Amino acid sequence: MSASREKKKRQETLAGGAVDPKAARAAEQRAAERKSNILYAAVAIAFVVVAAALLVYNSGIIQRHQTAVTIDGQKYTVPQTAYYYQNVCNSYGSMVGQEYLEAMKGQAYNGEQTWNDYFKEQAVENMKFVHAAKAAAVAASVTLEAEDEETVKSNVEGMKAAATTAGYSYGAYLKALYGPTMTASIFESCLRDQILASKYATQYSDETFVYSDDEIQAYYEEHKDNYDLIDGAYVTLDGTPEAKTDDEGNAIEATDEEKAAALEEAKEKAQAILDAYKANNNLDAAASANGATVSTSIPSASSTAGAWFYDEARRSGDADVIADEDNSRYYVALFNSRERDETLDYNVRHILVTAENLELPEGQEASDDQIKAKAEAILASWDGTEDGFAALANENSKDGGSNTSGGLYEDVAKGSMVAAFQDWCYEDGRQPGDTGIVQSNYGYHIMYFVGYGDTQYWHYACENAMRSDAVSQWQTTMTNSATADVSASGMKQVG
C-alpha cells in the first residue's frame, strides 16, 4: 500500500471511530505505566498506613481505651483491669516469689483454666466489689478527705521511690508493672477508687458489726476448742514398717503382715511408755527409754490426738494410749489442764533501727553489730520520759507504721507481732516504763513498754472472728450484687 493510501486509510478509520493500532499500542503502554505508578503509590501509601497503625498500636493508645470488663453498664478499660489483675498477682507473688509466679501463670490451676485465667477471674471479682462499694459510698456521701488523700500521696511517693531504685521513671515503672497501657493518671484513679471502697467498707463494718459481751460469750461457748489453752504432753509412736529397697534401689512396698506387725510394735511401745509413766510419773524419762520424745504443742481438736485433749470429759492427770491406725501411729497422751486464754493485750512504743539508720561509705554493707550499736546509741540519748522516747521514734524509727506517732502501738493482741517483740512484752515482771533492745528479722527494736490493756485474748479473738465472718459475707453479697461482662478481646490485652 502506497503512503498516500495508508494515510487515507488511517483517516477513514479515525473518522469511523476506530483506534489506530500504532496509537493504540502507544496508549496501552502509557496506560500500563500509569497503572504501575498508581500501584506503586498505593503500595507505598499502604505501607505508611500499616506503619502508622503499628506505631499507634504499640503505643498502647488503642488498647488504653479498649473495654476489658463492663460492670453494671460501666466500662472498664484494659489498663484499669490490669491494675486489679496485677494486684492479685502481687498478693500471690509475695507468697511464692515473683520469678516462680511468672512460671506458674501458664500452668494449670484446675481442669478448665490456667493460673493466669484464675488471676484474671479474681481481678474481675475484686473490681465488682470496688464498683459496688464505690456506688454505696456515693449514696452514703462518703468521700476521700485530707487524710485519705495523704494515703494516696504516700502510695504514689512509694511507687516513685521504687521506680527510682529500679532505675525507671515513674511512668515507665508503672508500664513495667501493669503493662504498656498504664499511665500515671489511670493508676492514681484506680488507687483512689480502691481507697474509697476500703474506707466505705471499714466505716460500714465498724458501724454495723458490733457485738455485745453476751454475744461474744455465746460465740466463745460454741467455739471454745479454737480458743482454749491445753496444758498437756504427748508421745508419738510411728507404726509404719521400715523402708526397704531392692538391689537396684527401688522401694519395696511392705506386705500387709509387715504393716500389721509394725503397728502392733508401736502399740506395745506406747503401752510400755504409759506403764512406765504411771510407775514413776516422768513422761520424758519413759519416752526416752523407748527411743521417743515428748511434745507439748497440742494438736487441733480436729485431729485424733487433739480430739482426746479437747474432750469435755478430760480431767487433770488423765493419761492414755490413743490409737490412730488410719495414719499408722499410736500416741501416749497426758492431760494436765484446760483454760480460757486470758492473755491481756498491751500498749508499747518502739524504734526500729536498720541499716538505713547508718551513714556508711557507698558500697559498704552494715553489720548486725553496727546496727545494734546504733540502737544502743539512740537509747543512750533518751531523756528518760515517754514523750522523749516518742520524739526519738519520730526522728529515728524506720517502721512506717508508727514513726509518725511516736512509735506507738495500742491494744496489741497476742500473735500480732513477731516473736521476739511479743516475748519481750510478755516477759514475767514486765512493768510500764521498761526499756530494752530486741532483734528480729526487721532489724533492732528499741522497746518502751507502756502497759497492759484490759482485753483478754479469747474475747478479742472471738469478736474478731465474728466480725471477720460477717464482713466476708457482706463482701460476697456486695460483689454478687454487681454484674460483670468480660470482653475476650479486651481481657486478652491484660497481663
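1. Serine 328 counts as partly exposed because its relative accessibility is 24%, where partly exposed covers the range between buried (under 20% relative accessible area) and exposed (over 50%), computed with a 1.4 Å probe and protein chains only. Serine 328 sits in the loop between β7 and β8, and its phi is near 55°, a positive value in a residue other than glycine. Helices (H or I, at least four residues) and strands (E, at least two) are DSSP runs, numbered from the N terminus.

2. The model is a predicted one, in which local features need pLDDT of at least 70 and side-chain atom pairs count only at pLDDT 80 or more, while totals for chains, interfaces and linings use all residues. Residues are numbered from 1 along each chain as its sequence is written, and side-chain values use heavy atoms, with hydrogens and water left out.

3. The strands on either side of serine 328 deserve a look together. Strand β7 (residues 319-324) pairs with strand β8 (residues 329-340) in the antiparallel sense over six bridges, pairing being accepted if DSSP finds at least two bridges between two strands. Alanine 319 has leucine 334 in β8 as its bridge partner, and the hairpin of β7 and β8 has four residues between the strands.

4. A salt bridge, meaning a side-chain nitrogen of Lys or Arg within 4 Å of a carboxyl oxygen of Asp or Glu, joins the side chains of arginine 314 and aspartate 318 at 3.1 Å, N to O. Arginine 314 counts as buried because its relative accessibility is 16%, whereas aspartate 318, at 22%, counts as partly exposed.

5. Further along the chain, strand β12 (residues 443-456) is joined to strand β9 (residues 344-353) by nine bridges, and the two run antiparallel. Isoleucine 351 stands opposite isoleucine 446 in β12. Strand β11 (residues 435-440) also runs antiparallel to β12, with six bridges between them, and a hairpin of two residues connects β11 to β12. Threonine 435 finds its bridge partner in tyrosine 448 of β12.

6. Arginine 430 and aspartate 434 meet through their side chains in a salt bridge (3.1 Å, N to O). With a relative accessibility of 12%, arginine 430 counts as buried, while aspartate 434 is partly exposed, its relative accessible area being 23%.

7. How many salt bridges does the structure hold? There are 19 salt bridges in the structure, and among the residues involved, Glu145, Asp148 and Lys199 are linked in a network. Glutamate 253 forms another such contact with lysine 259, the closest N and O atoms being 3.8 Å apart; glutamate 253 is exposed at 67% relative accessibility, and lysine 259 is partly exposed at 37%. As background, side chains of opposite charge can pair when their charged atoms come close.

8. Asparagine 281 is another residue with a backbone angle worth checking, since its phi is positive, about 60°, although it is not a glycine. Asparagine 281 belongs to the loop between α11 (256-280) and α12 (283-289), and because its relative accessibility is 60%, it counts as exposed.

9. Turning to the interior, a nonpolar core is a set of buried Ala, Val, Leu, Ile, Met, Phe, Trp, Tyr and Cys residues joined through side-chain atoms within 4.5 Å. The largest such core has 63 residues, and those with the most contacts inside it are Tyr83, Tyr92, Phe119 and Phe187. Helix α6 supplies the largest share of this core, twelve residues. Apart from it lies another core of 17 residues, among them Ile273, Ala286, Tyr330 and Leu334. In soluble globular proteins, nonpolar side chains tend to be buried together.

10. Contact here means heavy atoms within 4.5 Å. Leaving out residues up to four places away in sequence, tyrosine 92 touches Gly97, Leu101, Met104, Trp115, Tyr118 and Phe119.

11. Histidine 131 lies in helix α6 (residues 115-139) and counts as buried because its relative accessibility is 11%. Beyond its neighbours within four places in sequence, histidine 131 is in contact with Ile71, Asp72, Gln74 and Tyr76.

12. Valine 96, in helix α4 (residues 78-96), counts as partly exposed at 37% relative accessibility. Together with Met95 and Tyr100, Val96 forms a nonpolar patch on the surface, with about 320 Å² of accessible area together. Patches are made of residues with over 30% relative accessible area and no salt bridge, like charges being joined within 9 Å and nonpolar side chains (Val, Leu, Ile, Met, Phe, Trp, Tyr) within 5 Å; accessible areas come from the Shrake-Rupley method with a 1.4 Å probe, and for residues only the protein chains shown count as cover.
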